[in-house]
Amino acid sequence: MQFHHHGYVSADPRLQPAAGTGIDRPADVPDEVDVLIVGSGPAGMLLAAQLSQYPSITTRLVERREGRLELGQADGIQPRSVETFQAFGFAERIVAEAYNIAYMNFWGPDPENPANIVRTARTDDYGLKISEFPHLIVNQARVLDYFAEAAALGPARIVPDYGVEFLGLTVHEEGEHPVEVRLRDKTGQERTVRARYVAGCDGARSRVREAIGRVHVGGVSLHAWGVMDVLVETDFPDWRTKCAINARAGNILHIPREGGYLSRIYVDLGAVAEDDDHRVRRTPIEEVIRRANEILHPYTIDVKQVAWSSVYEVGHRVTDGFDDVPEGSDRTPRVFLTGDACHTHSAKAGQGMNVSMQDGFNLGWKLGSVLTGLAPASLLATYAAERRPVAQQLIDFDKEWSSLMARKPEEISDPLELANYYLGTAEFPSGFMTQYGPSAIVADAAHQALAEGFPLGKRFKSSEVVLVADGNAVHLGHHAKADGRWRLYAFADAPAAGAASALADWAEWLATAPDSPVLRHTPMDADLDAVFDVKVVYQQRYEDVDVAKVPGIFRPRSGPLGLTDWEKVFAAGISTWTSTDVFDERGLSRDGVVVAVRPDQYVAAVLPLSATEELSSFFAQSMVPARASVTA
């Protein structure tokens, strides 16, 4: 963590100095705001945490609940989400309190006595096999708490406005704040607020979605599940291990929860008649517990306390649009839908909260860039273009996983099929299969061969390097905070620092040329690295890199004191503290390569060091000139 560059800090360094709208923040929602977030779910709270890094933007979050969520329904945290938590500064703390999924075990009928169940497979969980981050279980309420903390500690000091109900909105064709929003405050009084943009993060029954005329497309399958968070006494030996249980009496997905005692159980309630009219949702908890015991035979559970329970029918729906732009129109979107407001599915794949958070991450930096003048409003159209296909992929995956989970024993020819599917598809539920196509913010793959381990449109997969300034091994990607900045990673060619090289030429161009994206798009009164966080990784061992000879673009001065940032120069050579070389691990060209990464951690461009014109043109597509002395 870096701090002190604005002066000595003796208190909590996570508390950034208040600025702009964070100074003397009004208690009530102003009559005019830049961004109004409706709903404090995972997408809404992440969006607030991201926009808190933009203190020049007036952002408010309204939530009709009277206070924080106390018990969330979502609990599965995939590795991509933990990676995101790292960018927001709380991954280590939430990992410490969460349940870490190390194994998933599979149970089926005992061939010698099919009325009983036996363990058929024990599989390592996929989390740490494909990421440095684990697969976790933790209450959704705690995830929201951490994002709320990040939002409150950011310069804009964003805190939810609880007890405020969204009633409806109207989008006008003209005006600086064209979205007219009707709210009801804590006293029951109705009022009107005008916003530049509105983000509907208000769940599956979204009023924002209804207000812009969007509808869910899909339906409910004829199958029901009971779900309960319980404290039990049991003789089932895998009670603290995630399990998929397939028995003659039905199916259970069992997920241990954080804290060492609590567990969540999804209990198969079987097929639902077409004329049921949702009566199955009134199934009493006693029946769910009875079914669970029937499935677990010869083991039993004695439920001591039910913390939460529900009954649901599996539904798969995607909204017909993720913003308010009519089909065929090219106008700027003003209202956006995120999370359950635009995609709903079963809970058993552990995707809802995770995909919702990535919706918020995708939208947040784009709103920030547009409202601070760094990008044209056309950038906002990429939100729906990128996130809607991801939602459809999620629905397709969840349909298959749900159908596999609901099968009867006689429908299963291979008892290892579910385990093999679980491991074989691991990259998708982990959150690492998302790949955005070419656009103004994702370049084509003409130079992909220079960095095979950083696929364009996919998230930047971190790797260990050595920080030259102090010799410590660090994860390169963990230095990328959710601060709205682009990252430019320059992987050097062979010559050492200070010698003539392609890297030296590239660094000189980036620091001095009129078409340099750093000079073109960074405001005159801002720090040199305020928009682009430029880092270099040399091929040598850190002992062989003379930091004094590293080009100045990699050693910028920041803050009002003008202090040199020493944490942008890295070495790839294997040393005392590392066992891998990022050039080998990620298939990087030894002739050098530039990897541009978006503020939401997705790879945007891969270019040779010599392709300065291409790099300049790439950013000119999605950013506007910021310096008066530079012409577009």
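Student: What makes up the secondary structure of the protein chain?

Tutor: In this predicted model, the secondary structure of the protein chain comes to 15 helices and 27 strands.

Student: Why is the protein chain called as compact as a globular protein of that length?

Tutor: Set two values side by side. The radius of gyration is 26 Å, and the globule rule gives 26 Å for 632 residues. The two are close, so the chain counts as being as compact as a globular protein of its length. If you would like its dimensions too, the C-alpha trace spans about 75 × 60 × 50 Å along its principal axes.

Student: How many of the residues count as buried?

Tutor: Of the 632 residues, 56% do. To earn that word, a residue needs a relative accessible area under 20%.

Student: Let's try one residue. Why is Ser81 called buried?

Tutor: Good choice! Ser81 has 2% relative accessibility. Buried means under 20%, so Ser81 counts as buried.

Student: Where is Ser81, and which residues does Ser81 touch?

Tutor: You will find Ser81 in helix H2, which covers residues 79–88. Leaving aside residues up to four places away in sequence, Ser81 touches Asn354 and Met357. Touching here is a matter of heavy atoms within 4.5 Å.

Student: Across the protein chain, what percentage of contacts between residues at least 6 apart in sequence join residues at least 24 apart?

Tutor: That comes to 73% of them.

Student: And what does the protein chain expose?

Tutor: About 25600 Å², with carbon and sulfur atoms supplying 49% of it. As for charges, there are 61 positive and 86 negative ones, and their mean positions are 3 Å apart.

Conventions: Residues numbered from 1 in each chain as written. Predicted model: local features only at pLDDT ≥ 70, side-chain atom pairs only at ≥ 80, totals over all residues. Heavy atoms only, no water. Helix = DSSP H or I, 4+ residues; strand = E, 2+ residues; numbered from the N terminus. Buried < 20%, exposed > 50% of the residue type's maximum accessible area, 1.4 Å probe, protein only. Rg over C-alpha atoms; globule rule 2.2 N^0.38 Å. Areas by Shrake-Rupley, 256 points an atom, 1.4 Å probe, with all protein chains shown as cover. Lys, Arg positive; Asp, Glu negative; His and termini not counted. Charge placed at Lys NZ, Arg CZ, Asp CG, Glu CD.
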